[in-house]
Amino acid sequence: MNKPITTSTSSGWSNLAFALARVTQVFWEDMRCNVLVLTGEDSQPRYEGVQILMPYAGARMFLGGIPEVGDICVLGWFAQNTTGQAGKKSPAIVGWMPRTTFLGHDWLPTQDFSNEEGILNSPKERKEAKAVVNRRRHKLRHYSPGNIGASSSQGSDIVLDESVLISNRRANEIKLRDQDQAIVMRSLQQFHSTAGTRIYSGMIQRDSRTLPKEMFISTLDFNQDLLFDQEREIQSVQSDEEINLLDPHPFFLRNGDGNIFENQGGKIQLEINPYKFLYDSKLIDINGKGNTLSGDIYGGKSILRINKEGSVLSTEDTDALCEYRIEVSHTSDGTLPVSEQSDGFDADRLLNVKNLPFVQFALGTPVGNDPITDQGIITYGKPLYMQFDADDVSLDAITEFTPLEEQLATLISVSPLVDGLEDSISGYTKGGAYRSFISSPLEDAFKTRIEGGLGASIGKTLNIKSKGLEVITEGSSNTDANILFNSLNGAIHLRSTGVFIPNQANEGNASFDPELSRVGVKVESTGVVELKSESGIVLKAPILDMGDVSNINLNTQTALSLSSGDQISISTKQKKEVVTGKFERVITGPTDFNPLNSPPKSETIGANPTTGFVGGVVDSYTCVYGDKVSNFLTTSNVSTNITSGSYNVTVLGGAINHVAGTTSINQNPSGIAISSATGSISINNAGGVVSVNSGVSTNIRSVGVSSLSGSSVILGSVGAGLGFIMCASDRDPITGRTFLESGLMLPRGQVLFNAPV
């Protein structure tokens, strides 16, 4: 070996001068690296295990960064075994030499060979030669005087100027902006985990039931330096039986076909056995088979996002559903949360169902976020909608048949702390509808007070379904109605299909109808109940019972019609009818066209001494003015039977006429006339005297023979003689002459003469 000359950079006092070197290998756990000296030494020597000095590093504090292969460092030297002259030395990295700044400002790449030399043109070549030569793309932020900055090779930055900026390689950032004293955060997602509270914001991401594929046996061998070759092909294909089996560290592997909780590397506590807590979390089955969802993997992080169809976001999808979600647990034990976003495994919930939230609030698209319960697993990662099925309400995952307008857009969910109750849920749909379910069985499950009024406008039908409805108002006015139903453009329909029995007070009555005790609609008031309509009021029912009524007043403007298909019965203490117009009564019959149901009309006055009637008039008819006519349109018989007493007809200033065909009896103040045009007139008296008396004269005349017969016939006149009547035409038996000729006829009151024909 040649002895260095005096001017050599590696000899004399220059032996400890600074040198520039390139990092060829990094041992980041030991804070050491291998370097290749570029300047300041002869023959570009290599040093191994060079100590990396930091701006500060103590027993518990650190400030600095880990270099990369290819970085240019400044070497300083520690003298060893010196006697006052430069002797042996050991290097230490005391600083770093930046490249020309415009390379970083313009993000330009550099390499030791040009492309035409055919080196470093493939990943394989760059890996093989990176310890000696490499290709690097530079980057450097622009800093102004007074700025402080930190930037990682991967792309994260911290900049301290008048503001504070923390940014990662994808421009997600937190900025403490000086200009308006604002905190600005920008990211695709935000996950906040605090004691008992979680906040999810951004694209919907559900990672609790996704684990890295590297944890399971796959067709891919993840334990290799280069996962993909240049042809994008992977070797090491496993058997179908082993695919998707849990593949933990060998220390945790199970024994052959034994129980998954048995260890091969020795007995360990079940609490740290991945088979145990992954099985308890329902992420694997009893055979160790994976039971997780498939999402994307990036940088070891499982990412499962939901597209607008409710499926896992694929590479072809461009749109993902969004949410702003808050979940709050009832209590917290004060330990730091361990969630799928903070640590990659949701230990808080997957290992303890009690940590599931009891209050949830979601805006955007509510998506299931219960990763552990059986029902929660079904809806996990699925957009939700409220399913109403008869009296059952459930929060279900959408299907391909669920309309978009039925999917929820907001959700407030409360899991009652009382056992056995379902969640109370409320939210708006994407179609603008409102859906809610209150699970409390209390009588006042919904209670509110409004100090002022309440105004509501409903464009269509209001449907209320309830096992009971009670409305109580406390009004202070005596003039205004406290409850008003006002339908301006439509009808009001009250309908009941159920019944209740308010009381059994009338069961002992003989006329009690059990059917009337089954009340479907009951209207009750301490005041007057008024029904008013501008068109009409219709009552339709098999039975209309108006009981316990002291007065019924029916006042109509024009007409009152009562119609019964079978019978009308009226029972009252007194009855009075006042008709100011025409009174008309029409009776048909007999009932049911049955002759045995005659007569069609029957009237009975039952007044008698037992009812308090001692005698006198029981039926009185008064006609103030006018005539009365009775018409019998067919052959009819009119009979009046009086057991005892009299039948009196009195006409003070008119006539009484009885006409039967061509016969008539006429009574008037001037006399009585009995006339028969064709028939005979007979007066028969079997057991009494027939008397014909006249205060003036009596005329008995006949066209034919007039017969006056009896056991004897007596003709008498006032002041006349007594005996047999002799006529003037009779002859004296002695003289032979008529009594008229002899002049022997004395004037008498009886005169016989030939009446004209």
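This passage walks through the charged and polar side-chain contacts of a predicted model.

Salt bridges make a natural starting point. Side chains of opposite charge can pair when their charged atoms come close. A search of the whole structure returns 21 salt bridges, and three of these pairs are described here in turn.

In one of them, the side chain of glutamate 41 meets that of lysine 89, with an N to O distance of 2.8 Å. This pair joins distant parts of the chain, 48 residues apart: glutamate 41 sits in the loop between strand S2 (32–39) and strand S3 (46–52), while lysine 89 belongs to strand S7 (residues 88–96). Glutamate 41 counts as buried because its relative accessibility is 12%, under the 20% limit. Lysine 89, with a relative accessible area of 16%, is buried as well.

A further salt bridge connects arginine 136 and glutamate 68, whose closest N and O atoms are 3.0 Å apart. Here too the pair links distant parts of the chain, with the two positions 68 residues apart: arginine 136 is in strand S9, and glutamate 68 is in the loop between strand S5 (62–63) and strand S6 (72–80). Arginine 136 has a relative accessible area of 22% and is therefore partly exposed; glutamate 68, at 26%, is also partly exposed. The pairing does not stand alone, as Glu68, Asp71 and Arg136 are linked in a network of salt bridges.

The third pair brings together the side chains of glutamate 524 and lysine 522, at 3.8 Å from N to O. Glutamate 524 reaches 63% relative accessibility, so this residue counts as exposed. Lysine 522, at 46%, counts as partly exposed.

Attention now turns to a polar contact. Histidine 138 is found in the loop between strand S9 (135–137) and strand S10 (148–151); strand S9 is also the strand that holds arginine 136. The histidine 138 side chain makes a polar contact of 2.8 Å with the side chain of threonine 110. With a relative accessibility of 14%, histidine 138 counts as buried.

Finally, there are acidic residues that gather on the surface. Asp389, Asp392, Glu422 and Asp423 form a patch of negative charge there. One member of this patch, aspartate 423, lies in the loop between strand S23 (410–414) and strand S24 (424–428). Aspartate 423 counts as partly exposed because its relative accessibility is 33%, a value over the 30% that membership of a patch requires.

Definitions and conventions: Residues numbered from 1 in each chain as written. Predicted model: local features only at pLDDT ≥ 70, side-chain atom pairs only at ≥ 80, totals over all residues. Heavy atoms only, no water. Patch = residues over 30% accessible without salt bridge, like charges linked within 9 Å, V, L, I, M, F, W, Y side chains within 5 Å. Areas by Shrake-Rupley, 256 points an atom, 1.4 Å probe, with all protein chains shown as cover. Salt bridge = Lys/Arg side-chain N within 4 Å of Asp/Glu carboxyl O. Lys, Arg positive; Asp, Glu negative; His and termini not counted. Charge placed at Lys NZ, Arg CZ, Asp CG, Glu CD. Helix = DSSP H or I, 4+ residues; strand = E, 2+ residues; numbered from the N terminus. Buried < 20%, exposed > 50% of the residue type's maximum accessible area, 1.4 Å probe, protein only. Polar contact = N/O pair within 3.5 Å; in protein donor to acceptor, adjacent residues only side chain to side chain.
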